[in-house]
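Work through the exercises below with the sequence and the coordinates open beside you. Each task is followed by a solution that goes step by step.

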Amino acid sequence: MSQLAALDAADPLAPARARFALPPGVVYLDGNSLGPLPAALPERLAHTLAHEWGKGLIRSWNDAGWIDLPVTLGAAIAPIVGAEPDSVVACDSVSLNLFKLASAALAMRAGRTTVLMEASDFPTDAYVMQGLAGLAGVTLKRVPRAELVAALDDDVALMLLTHAHYVSAQLHDMAAMSEAAHQAGALTLWDLSHSAGALVVNLDADGADFAVGCGYKFLNGGPGAPAFAYLARRHWEAAQPALTGWMGHARPFDFAADYAPAAGARRLLTGTPPILAMRALEAGVATFDGIDLAQAEAKSRQLVQLFAAGAATLPGVRVDASPQGRHGAHVIIRHAAARRVMTALIARGVIGDMRPPDAMRFGFPALTTRFADVGLALTAIEQVLASGEWQDERFAPKGVVS
Ligand SMILES: Cc1ncc(COP(=O)(O)O)c(C=O)c1O
């Protein structure tokens, strides 16, 4: 038995792959961008369509628990990110949730005029902060990772950090950075898009103030799935998000003239929840039932390291120095013709994605990735490079989603 086959045979998480409907013949290494379809979802969604909507009609807001889905689903996500159930709600997008929580943080630190973030973080985080900064009359300061702590002066209201970086997969020490921010009198907002469901996350224990995360990546909630938002218990009363809608009202069905915030994280809700998408996210979150996230994180790390070591031996491929210790569940390898090479790989059924100009990104979620996939992907990359097929016109760039 090969080394990879032996690792699969001994893998306690191997049975979890059956929780997904993965197409045969595909090596799917992009669950960090869009998680695969949960096997239980088509039937669950068919039930929601035929019974809850079809027969129950509007009664299902109560009878099928639709109205509470943002909070019941939030409570199901909570243990995945180390939070108490009532501190998490499922709603809106990461972008919108960033706005809501950052606006609440700025109001809680009135007089301070800086939002601090890491210069290379995911664009939407910066774009949302730029929009908010204009509105709130504050300044967005972006610095390299190594300069974050030194930049925490007494004007910083909020430090926004991505827990696992979307390119490098480098991880911030959540407890240490939260502590540093608090020492300076600032609050912290964590983007967990690349860590929720991939890594052990301890929001409550590590002193996070606010957090957001993605439903469609490692949580397997489907394309454009609702995101989630976290509000630490100690801020339940003080946090007043600037985006206020009726679903975040204390008594939405009183139809009162004025806004009054609901208790706890529920005040982060805005409009009517998208029930079909919520049901899909519910099935995605259920794929984590009984999963030990420490075990999942360790498996992903091993997969990443095996893949990176193999890729580093391929001609024309450069692998950035692997981060020491813990890191996210994806890895970047670089090639001058990354887009074409990735397109050729996808044509062979090995699916990753790319980030311009030269990065190919491969994700290794523990529930769906086999050790054998590492071997299959490396062989495919080797063949694409050796054959020179990536230079073929078929693999010229087209489309906008990468
Ligand atoms: C770190 C990070 N934040 C946010 C997003 C996307 O946010 P939204 O759900 O608003 O599209 C992504 C998407 O890839 C991401 O990687």
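A residue counts as buried under 20% relative accessible area, as exposed over 50%, and as partly exposed in between, with a 1.4 Å probe and protein chains only. This is a predicted model, in which local features need pLDDT of at least 70 and side-chain atom pairs count only at pLDDT 80 or more, while totals for chains, interfaces and linings use all residues. Residues are numbered from 1 along each chain as its sequence is written, and side-chain values use heavy atoms, with hydrogens and water left out.

**Exercise 1. Classify Ala151, Ala169 and Phe255 as buried or exposed, and locate each of them.**

Step 1. Helices (H or I, at least four residues) and strands (E, at least two) are DSSP runs, numbered from the N terminus. With these elements, Ala151 falls in the loop between strand S4 (139-143) and S5, and because its relative accessibility is 10%, Ala151 counts as buried.

Step 2. Ala169 belongs to the loop between S5 and H7, where it has a positive phi of about 70° although it is not a glycine. Its relative accessibility is 1%, so Ala169 is buried.

Step 3. Phe255 also has a positive phi, of about 50°, although it is not a glycine, and its place is the loop between strand S8 (227-231) and helix H8 (275-286). Phe255 is exposed, because its relative accessible area is 59%.

**Exercise 2. Describe the surroundings of the ligand, beginning with the residues around it.**

Step 1. A residue is near a molecule or strand if one of its heavy atoms lies within 4 Å of it. The residues around the ligand are Ser93, Val94, Ser95, Phe122, Thr124, Asp125, Tyr166, Asp191, Ser193, His194, Tyr216 and Lys217.

Step 2. For the classes, Ala, Val, Leu, Ile, Met, Phe, Trp, Tyr, Cys and Pro count as nonpolar, Asp, Glu, Lys and Arg as charged, and the others, Gly among them, as polar. The shell around the ligand then has four nonpolar, five polar and three charged residues.

Step 3. A polar contact is a pair of N or O atoms within 3.5 Å; within protein, one must be able to donate a hydrogen and the other to accept it, and residues adjacent in sequence count only if both atoms are side-chain atoms. A side-chain N or O atom of Asp191 is 2.7 Å from a nitrogen atom of the ligand, and a polar side-chain atom of Ser193 lies 3.4 Å from a ligand nitrogen atom. For His194, a side-chain N or O atom is 2.8 Å from an oxygen atom of the ligand.

Step 4. Accessible areas come from the Shrake-Rupley method with a 1.4 Å probe, and for residues only the protein chains shown count as cover. Of the 400 Å² of accessible area that the ligand has on its own, the protein covers 86%. Helix H5 (94-108) and helix H6 (123-136) are the elements that give two or more residues to the shell.

**Exercise 3. Which strands pair with S5, and in which sense?**

Step 1. Two strands pair if DSSP finds at least two bridges between them. Strand S3 (residues 114-118) and S5 run parallel and are joined by four bridges, with Thr114 opposite Val156 in S5.

Step 2. S5 also pairs with strand S6 (residues 187-191), in the parallel sense over five bridges, and Thr162 has Asp191 as its bridge partner in S6.

Step 3. A crossover is right-handed if, with the strands pointing away from the viewer, the path from the first strand over the helix to the second runs clockwise. S5, helix H7 (residues 174-183) and S6 make a right-handed β-α-β unit, and S3, H6 and S4 also make a right-handed β-α-β unit.

**Exercise 4. Establish how strand S3 is covered and where its side chains point.**

Step 1. Five of the five residues of S3 are buried, so S3 is largely enclosed by the rest of the structure.

Step 2. In a regular strand the side chains alternate between the two faces of the sheet. From S3, Thr114, Leu116 and Glu118 point one way, Val115 and Met117 point the other way, and all are buried.

Step 3. S3 runs parallel to S4, to which five bridges join it, and Val115 stands opposite Leu140 in S4.
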